[in-house]
Amino acid sequence: MYWTERHILACTGNHCNQKGAANVINRLRFELMRRKMNDRIMLNTCGTIDLCDIGPNLVIYPDNIVYSNITEN
């Protein structure tokens, strides 16, 4: 079991990176800290979740939700 309420995995595979995954991850980290949610939500990057054609992608646990085509906005 995680020590946080949520765990977000952000794909950093080649296609996701080409589509702006790094910008999305940086913005998400910033927003989690700004909203003081970084102690309840853990954000990690992962190599790929095999959905890079529709990426950038985020996987949220324990909810088992996948968000695709994420933008920085």
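## The loop between strand 3 and strand 4

Pro62 sits in the loop that runs between strand 3 and strand 4, the latter covering residues 65-67. The model described here is predicted, and every value quoted below was computed from its atoms. The peptide bond that leads into this proline, between Tyr61 and Pro62, is in the cis form, with omega at about 10°.

Two further residues of the loop deserve attention. Asn64, which belongs to the loop between strand 3 and strand 4, has a phi near 55°, a positive value in a residue that is not a glycine. Asn64 has a relative accessible area of 57%, and it is classed as exposed because this value is over 50%. Asp63, also located in the loop between strand 3 and strand 4, has 34% relative accessibility and counts as partly exposed.

## Other backbone features

A second cis peptide bond is found between Gly55 and Pro56, where omega is about 0°. Pro56 is placed in the loop that links strand 2, residues 41-46, to strand 3, residues 58-61.

Asn69 also has a positive phi without being a glycine, in this case about 60°, and its place is in the segment that follows strand 4. With a relative accessibility of 58%, Asn69 counts as exposed.

## The sheet and the helix across it

Strands of a sheet pair through backbone hydrogen bonds, in either a parallel or an antiparallel sense. In this model, 4 strands make up an open sheet with mixed pairing, and their order across the sheet is 2-1-3-4. Strand 2 and strand 4 are the edge strands, each of them pairing on one side only, and the twist from one strand to the next averages 20°.

The pairing of strand 3 with strand 4 is antiparallel and involves 3 bridges. Val59 stands opposite Val66 of strand 4. Helix 2, made of residues 21-34, lies across strand 1 (6-11), strand 2 and strand 3, and it runs at about 165° to strand 2.

## The nonpolar core

In soluble globular proteins, nonpolar side chains tend to be buried together. The largest nonpolar core of this model has 11 residues, namely Ile8, Ala10, Val24, Ile25, Leu28, Leu32, Ile41, Leu43, Leu58, Ile60 and Ile70. Strand 1, helix 2, strand 2 and strand 3 are the elements that each give two or more residues to this core, and helix 2 gives the most, with 4 residues.

Which residues are in contact with Leu58, once its neighbours within four places in sequence are left aside? They are Ile8, Leu9, Ala10, Leu28, Ile65, Val66, Tyr67 and Ile70. Leu58 is itself one of the core residues, and among its contacts Ile8, Ala10, Leu28 and Ile70 are also listed in that core.

## Salt bridges

Side chains of opposite charge can pair when their charged atoms come close. The structure holds 4 salt bridges. One of them is formed by Asp63 with Arg6, whose closest N and O atoms are 2.7 Å apart. Because Asp63 lies in the loop between strand 3 and strand 4 while Arg6 belongs to strand 1, this pair ties together parts that are 57 residues apart in sequence. Arg6 has a relative accessible area of 31% and is therefore partly exposed, and Asp63 is likewise classed as partly exposed.

Glu31 takes part in salt bridges within helix 2. Its side chain meets that of Arg27 at 3.2 Å, N to O, and since Glu31 and Arg27 are 4 residues apart in helix 2, about one helical turn separates them. Glu31 also forms a salt bridge with Arg34, with the closest N and O atoms 2.8 Å apart; here the spacing in helix 2 is 3 residues, so about one helical turn again lies between the partners. Through salt bridges that share partners, Arg27, Glu31, Arg34 and Arg35 are joined into one network.

Are the members of this network buried or exposed? Glu31 has 13% relative accessibility and counts as buried, because buried means under 20%. Arg27 is partly exposed at 36% relative accessibility, and Arg34 is partly exposed with a relative accessible area of 49%.

Conventions. Residues numbered from 1 in each chain as written. Predicted model: local features only at pLDDT ≥ 70, side-chain atom pairs only at ≥ 80, totals over all residues. Heavy atoms only, no water. Buried < 20%, exposed > 50% of the residue type's maximum accessible area, 1.4 Å probe, protein only. Pairing = 2+ DSSP bridges. Axes fitted to C-alpha atoms, helices over the stretch in contact; angles between N-to-C directions. Contact = heavy atoms within 4.5 Å. Core = buried A, V, L, I, M, F, W, Y, C linked by side-chain atoms within 4.5 Å.
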